[in-house]
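Me: Hi, I'm new to this one. Could you walk me through it with a few questions and answers?

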Amino acid sequence: MPEISYGEAVRIAPRIRRVTAPNPGRMTGPGTNTYLVGEDEIALVDPGPAIETHVDALERICDGRLRWILVTHTHRDHSPAAQLLAARTGAELVGNVIPNDGYQDVTFAEARPMAQDERLSGRGFTIRALLTPGHVANHVCYLVEEDGVLMTGDHMMGGSTVVIVPPAGDMKDYIDSLERMLTYDIEVVAPGHGDLISAPQDEIRRLIAHRLGREQKVIEGLRRTGPARIATLTPTVYDDVDPALHEWAALSLHAHLLKLAAEGRASVDGETWRLAD
Ligand SMILES: [Zn+2]
């Protein structure tokens, strides 16, 4: 990704500009991407963290034309700026709210929910909602139909693997959501972190194959170790991943095991997982 100029709008499509928030980190890449759709009327996707300079920049760039603030989900690097920005501009909040599992931004409490394939129309653009549970249960991707650009929040990220934290995160839902994306006309993916993803169909297929490949490693790992706890299984299943990330990998491993259990292919007794006979 080219060098980021925080607080500046970068045009990424005829109808869409990107402003990256200054919250770089291991889980956020260069920072959270906020997308601005439209010119005369603006719909903003993922206002990001409540960092004063970022909120100021968004208000300045929107210049009185912000009508809607959409969120892909309510993790704390995506939605906390929504309230501040709504209070300053009068824009309407749009997004789905779920109970707090310890990871949610509780300030994002009331918003207009969007249904599967529901459209929001502004002057010069149409945004279609794709419900994409998996990373988290309330996740929504937004397709700008005229530009063929899908804003994917944390459902697809540029350059890193999406973390699935049960129970709000669900591996089976995640893979099903990826499969459903293949049925839409998408030319470019604009992720919540990192740079644009071209040839998205190839990338979606690669992600599905990657998850199913990991699932196969879970099965083989359990076959080798016999009944095991997640902590024992993690280094085996993620032997290709930096041990510094194993804490996160253990969460995804839990998600894989829950999927296998839901499919009758594994079971758990206390904290010990085993393959079904
Ligand atoms: Zn997230």
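What follows is a short chat about the domains, the sheet, the core and one buried strand.

Me: Before we dig in, what kind of model is this, and how far apart are the centres of domain 1 and domain 2?

Reply: It's a predicted model. The domain assignment gives domain 1 as 10–198 and domain 2 as 209–275. Going by their C-alpha centres, the distance between domain 1 and domain 2 is 30 Å.

Me: How many residues of domain 2 are in contact with domain 1?

Reply: On the domain 1 side, 9 residues take part. By class, that side has 6 nonpolar, 1 polar and 2 charged residues. Across from them, the number of domain 2 residues in contact is 10.

Me: Which strands sit at the edges of the open sheet?

Reply: The sheet has 6 strands with mixed pairing, in the order β7-β8-β9-β10-β11-β12. An edge strand here pairs on one side only, and that picks out β7 (119–122) and β12 (197–198).

Me: And in that sheet, which residue of β11 is the bridge partner of Val149?

Reply: Strands β10 (residues 149–153) and β11 (residues 188–191) run parallel and are joined by 4 bridges. In β11, the partner of Val149 is Val188.

Me: Which helix gives the most to the largest nonpolar core?

Reply: That core has 62 residues, and Val37, Leu44, Ile69, Leu70 and Tyr142 have the most contacts inside it. It draws at least three residues from each of domain 1 and domain 2. The top helix contributor, with 6 residues, is α6 (residues 246–262).

Me: Why is strand β3 largely enclosed by the rest of the structure?

Reply: Look at both faces: Asn33, Tyr35 and Val37 are buried on one side, and Thr34 and Leu36 are buried on the other. In general, side chains in a regular strand alternate between the two faces of the sheet. So β3 (residues 33–37) is largely enclosed because the number of its residues that are buried is 5 of 5.

Me: Which residue of β4 stands opposite Val37?

Reply: β3 pairs in the antiparallel sense with β2 (residues 16–20) over 5 bridges. β3 also pairs with β4 (residues 42–45), again antiparallel, over 3 bridges. In β4, the residue opposite Val37 is Ala43.

Me: Which residue in the turn between β3 and β4 has a positive phi?

Reply: These two strands form a hairpin with 4 residues between them. The phi in question is about 95°, and the residue is Gly38.

Technical notes: Residues numbered from 1 in each chain as written. Predicted model: local features only at pLDDT ≥ 70, side-chain atom pairs only at ≥ 80, totals over all residues. Domains from an automatic or database assignment. Contact = placed C-beta atoms within 7 Å. Nonpolar A, V, L, I, M, F, W, Y, C, P; charged D, E, K, R; others polar. Pairing = 2+ DSSP bridges. Core = buried A, V, L, I, M, F, W, Y, C linked by C-beta atoms within 7 Å. Buried ≥ 20, exposed ≤ 12 C-beta atoms within 10 Å, placed from the backbone.
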